Amino acid sequence: MAHVCDPTLVFRQLFEKVSSTYTYVLADANTREAIIIDPVIETVDRDIKVINDLNLKLLYAVNTHVHADHVTGSGQIKQKLPGVKSVIFDMNAKADIYIKEGDSLQFGSKKIEFLSTPGHTNGCVSIVCHTAKSVFTGDALLIRGCGRTDFQQGNSALLYDSVHSKIFTLPDDYVVFPAHDYTGQTNSSVGEEKKHNPRLSKAKEEFIKIMANLNLPYPAQIDRALPANLVCGIQN
Ligand SMILES: N[C@@H](CCC(=O)N[C@@H](CSS)C(=O)NCC(=O)O)C(=O)O
């Protein structure tokens, strides 16, 4: 199980295997107030069970961006746990709270801060928890990889600048928790990715060429996910 260095932060990394998505639960161990990052609709009941088993009070369901590969669970979580507020950066998507660069959210004595890291999509954010020395990078930075830039306003030059100016300037020992992993890895570190990321450790021009030649198939659920995620995953 993945751990963080803050002993008063409850932390769970949960996996949804169809889309290889990581969902994260963070909570103040004293007040039990909690947030969830990038929930997936198919695993909402599992996530709520974890929250209830740990006696947590969920305040916020945060999406790091409008996902193209799975339907967000935030809408269903709001239905099943009234009072929870959905949070996103992208103004085109329905949510209760729209955050911007530098904003923070508090749960108990814990705080997360939002960094705008566009490039995979315009609305991508990374989420820093300084007390846990951790950064939740969404699809901006993956372990030894990064989010694709061939749809949804993708822009590889912008992604390169986002990662280098916002994530790679964090301390080297900050743990990187991505939104996906396709190779069975759970976390990395800023220092490790600066050194070993086969795309982002290169010069910008080379990175742009690499990204233009990925030739990835479209995500299997894209036609369902994109419209659903503009309305919090709940279609009437
Ligand atoms: N096969 C998966 C989709 C894989 C994929 O395209 N992942 C995206 C993030 S979700 S939009 C990505 O950016 N991948 C980068 C990479 O290098 O793999 C599916 O069908 O869901």
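Me: How far apart are the end C-alpha atoms of residues 20-180?
Reply: They lie 6 Å apart. This is a predicted model, so read that as a computed value.

Me: What is the helix and strand content of that span?
Reply: Residues 20-180 are 18% helix and 34% strand.

Me: Which feature does UniProt place at 20-180?
Reply: The UniProt record, an unreviewed entry, has "domain: Metallo-beta-lactamase" there.

Me: OK, sheets. What is the strand order in the sheet with β1?
Reply: The order is β1-β2-β3-β4-β5-β6. That sheet is open, has 6 strands and is mixed in its pairing.

Me: Which strands stand at the edges?
Reply: β1 and β6 (97-98) do. Each has a single partner strand, so one side of each has no neighbour in the sheet.

Me: How do β1 and β2 run, parallel or antiparallel?
Reply: Antiparallel. β1 covers residues 9-16, β2 covers residues 21-28, and 8 bridges join them. As one example, Phe11 has Leu26 in β2 as its bridge partner.

Me: And what lies between β1 and β2?
Reply: A turn: the two strands form a hairpin with 4 residues between them. Ser20 sits in that turn and has a positive phi of about 55°.

Me: Other end of the sheet. How do β5 and β6 pair?
Reply: In the parallel sense, over 2 bridges. β5 is residues 85-88. Ile88 has Tyr98 in β6 as its bridge partner.

Me: What about Ser86, buried or exposed?
Reply: Buried. Ser86 has 21 other C-beta atoms within 10 Å, and the cut-off for buried is 20 or more. Ser86 is in strand β5.

Me: Which residues is Ser86 in contact with, leaving aside neighbours within four places in sequence?
Reply: Ala61, Ser74, Lys78, Ala95, Asp96 and Cys232.

Me: How far is Ser86 from Leu58?
Reply: Their C-alpha atoms are separated by 11 Å, and the two residues are 28 apart along the chain.

Me: Switching to α1. Which residues there are buried?
Reply: Val44, Asp47 and Ile51, in a helix that spans residues 44-53. They cover an arc of only 65° around the axis, so they sit on the same side of α1.

Me: Why would that spacing line up?
Reply: An α-helix has 3.6 residues a turn, so residues three or four places apart point the same way.

Me: What do the buried residues of α1 pack against?
Reply: β1, β2, β3 (33-37), β4 (57-62) and α2 (74-80).

Me: And which exposed residues are on the face turned away?
Reply: Asp45, Lys49, Asn52 and Asp53.

Me: What follows α1?
Reply: Asn55 does, and its phi is positive, near 60°.

Me: Next, the sheet with β13. What is the strand order?
Reply: β7-β8-β9-β10-β13-β14. This one is an open sheet of 6 strands with mixed pairing. Its edge strands are β7 (104-107) and β14, and each pairs on one side only.

Me: Which way do the residues of β13 point?
Reply: Val175 and Phe177 point one way, Val176 and Pro178 the other. All of them are buried. In a regular strand the side chains alternate between the two faces of the sheet.

Me: How does β13 pair with β10 and β14?
Reply: β10 (residues 134-138) runs parallel to β13, with 4 bridges. β14 (residues 188-189) runs antiparallel to β13, with 2 bridges. Val176 stands opposite Val135 of β10 and has Ser188 in β14 as its bridge partner.

Me: And β9 with β10: what is the sense?
Reply: Antiparallel, over 3 bridges, with β9 at residues 125-129. Ile127 has Phe136 in β10 as its bridge partner.

Me: Where is Asp161?
Reply: In helix α3, residues 156-167. Asp161 is partly exposed, with 15 other C-beta atoms within 10 Å. Asp161 and Ser189 are 18 Å apart, C-alpha to C-alpha, and 28 residues apart in sequence.

Me: Last one, the ligand. Which residues are around it?
Reply: Ser19, Ala68, Asp69, Asp139, Gly145, Gly147, Arg148, His180, Leu216, Pro219, Ala220 and Gln221.

Me: How many of those are nonpolar, polar and charged?
Reply: The shell divides into 4 nonpolar, 5 polar and 3 charged residues.

How values were computed:
Residues are numbered from 1 along each chain as its sequence is written. This is a predicted model: local features need pLDDT of at least 70, side-chain atom pairs count only at pLDDT 80 or more; totals for chains, interfaces and linings use all residues. Two strands pair if DSSP finds at least two bridges between them. A residue is buried if 20 or more other C-beta atoms lie within 10 Å of its own, exposed if 12 or fewer, and partly exposed in between; C-beta atoms are placed from the backbone. The arc is that of the directions from the helix axis to the C-beta atoms. Two residues are in contact if their C-beta atoms, placed from the backbone, lie within 7 Å. UniProt positions are given in the numbering used here, feature names are shortened, and annotations may be inferred rather than shown by experiment. A residue is near a molecule or strand if its C-beta atom, placed from the backbone, lies within 6 Å of it. Ala, Val, Leu, Ile, Met, Phe, Trp, Tyr, Cys and Pro count as nonpolar, Asp, Glu, Lys and Arg as charged, and the others, Gly among them, as polar.
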